Amino acid sequence: MQAQIEGKICIVTGANSGIGYATAEGLASRGATVFMVCRSKERGEAAAAKIRSATGNQDVHLEVCDLSSVSDIKSFASRFSSKDAPVHVLVNNAGLLEHKRITTSEGFELNFAVNVLGTYAMTQLMVPLLEKAAPDARVITVSSGGMYTAPLTTDLEFTDGKFDGVEQYARNKRVQVALTEKWAKLHENRGISFYSMHPGWAETPGVAKSLPSFSERLSGKLRTREEGADTVLWLALQPKEKLASGAFYFDRAEAPKHLMFAATERSHALIDSIFERLASVSALAS
């Protein structure tokens with residue numbers, strides 16, 4: 001964890017608060033060039049300035065992008081690609097738990113748009129830049145232990161039955177874990193590794209907003225944002241030979257992706273059709 005990574009370029013989505021902020025700060029404190037991808041220019045600029053001040057690292061930059069919009073992600077990727085720089089670490093941290101069914105301007109259910117489609121589009125569009133950083137490129141996706149309750153389903157936008165935001169979030173987080181496996185297989189000979197992880201329950205603005213009673217009940221007992229980000233940083237800093245591409249991590253160790261008797265394991269066979277669907281709806285070649 002003491003490794004210095006000067007000269008490495010890292011992208012962290014949803015980086016203006018919570019685990020994303022702690023991750024960006026941790027990477028900056030180790031000398032990385034950090035690009036914070038945030039929806040709010042104002043909050044993003046304030047967070048970047050705070051990190052520059054705390055770490056003394058001036059190579060901390062804001063990129064404004066709404067992760068619920070595929071066209072916004074495409075614009076960001078186009079801008080970023082023009083730098084013609086390698087990307088050593090991409091942290092897919094931006095996440096959302098919205099209890100009501102909300103449809104984005106592009107016609108997608110909001111949780112799905114941010115957690116699944118946004119993660120998919122950002123990763124796919126960064127692959128050429130990640131290849132430039134091979135063999136040390138890595139993608140770390142912040143999932144959740146909530147995914148243990150949900151099998152993979154092709155009902156990506158929760159159109160069957162009464163909408164349940166918590167259930168949709170769990171389903172989304174399961175997709176992220178299965179996508180990580182899929183990407184690891186697709187890119188196993190290209191020098192890009194893919195990891196998903198569970199940060200534990202941390203006291204973040206996202207948890208306070210989306211699960212207020214849970215947050216209040218466990219106030220003072222939840223992890224700090226730094227504790228939540230610990231395994232993200234660990235995955236970014238470890239020698240690759242110590243890690244398994246496609247694996248799911250918790251507290252600096254590989255963790256099971258399925259609980260006994262939860263009947264989720266076989267559902268991962270659906271990932272190929274889900275992958276094709278995401279490529280189709282985002283108009284990105286898979």
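Which residue is the bridge partner of C10 in β4? In this predicted model, the bridge partner of C10 in β4 is V89.

**Close-up 1. Strand β1 and its parallel neighbours.** Strand β1 spans residues 9-13, and 5 of its 5 residues are buried, so the strand is largely enclosed by the rest of the structure. The side chains of I9, I11 and T13 point one way from β1, whereas C10 and V12 point the other way. In a regular strand, side chains alternate between the two faces of the sheet. Strand β2 (residues 33-38) runs parallel to β1 and is joined to it by 5 bridges; within β2, C10 has V34 as its bridge partner. The connection from β1 to β2 passes through helix α1 (residues 18-29), forming a right-handed β-α-β crossover. Strand β4 (residues 89-92) also pairs with β1 in the parallel sense, over 3 bridges.

**Close-up 2. Cysteines C10 and C65.** The structure holds 0 disulfides. C10 is in no disulfide, and the nearest cysteine sulfur, that of C38, lies 15 Å away. For C65, likewise in no disulfide, the nearest cysteine sulfur is that of C38, at 9.9 Å. C10 is buried, with a relative accessible area of 0%, and C65 is buried at 1%.

**Close-up 3. Surroundings of S193 in strand β6.** S193 lies in strand β6, which comprises residues 192-198. This serine counts as buried because its relative accessibility is 10%, under the 20% cut-off. Its side chain makes a polar contact with the side chain of Y195, at 3.5 Å. Beyond residues up to four places away in sequence, S193 touches A137, R138, V139, K240 and S245.

Technical notes. Residues numbered from 1 in each chain as written. Predicted model: local features only at pLDDT ≥ 70, side-chain atom pairs only at ≥ 80, totals over all residues. Heavy atoms only, no water. Helix = DSSP H or I, 4+ residues; strand = E, 2+ residues; numbered from the N terminus. Buried < 20%, exposed > 50% of the residue type's maximum accessible area, 1.4 Å probe, protein only. Polar contact = N/O pair within 3.5 Å; in protein donor to acceptor, adjacent residues only side chain to side chain. Contact = heavy atoms within 4.5 Å. Disulfide = S-S within 2.5 Å. Pairing = 2+ DSSP bridges. Right-handed = clockwise from strand over helix to strand, strands pointing away.
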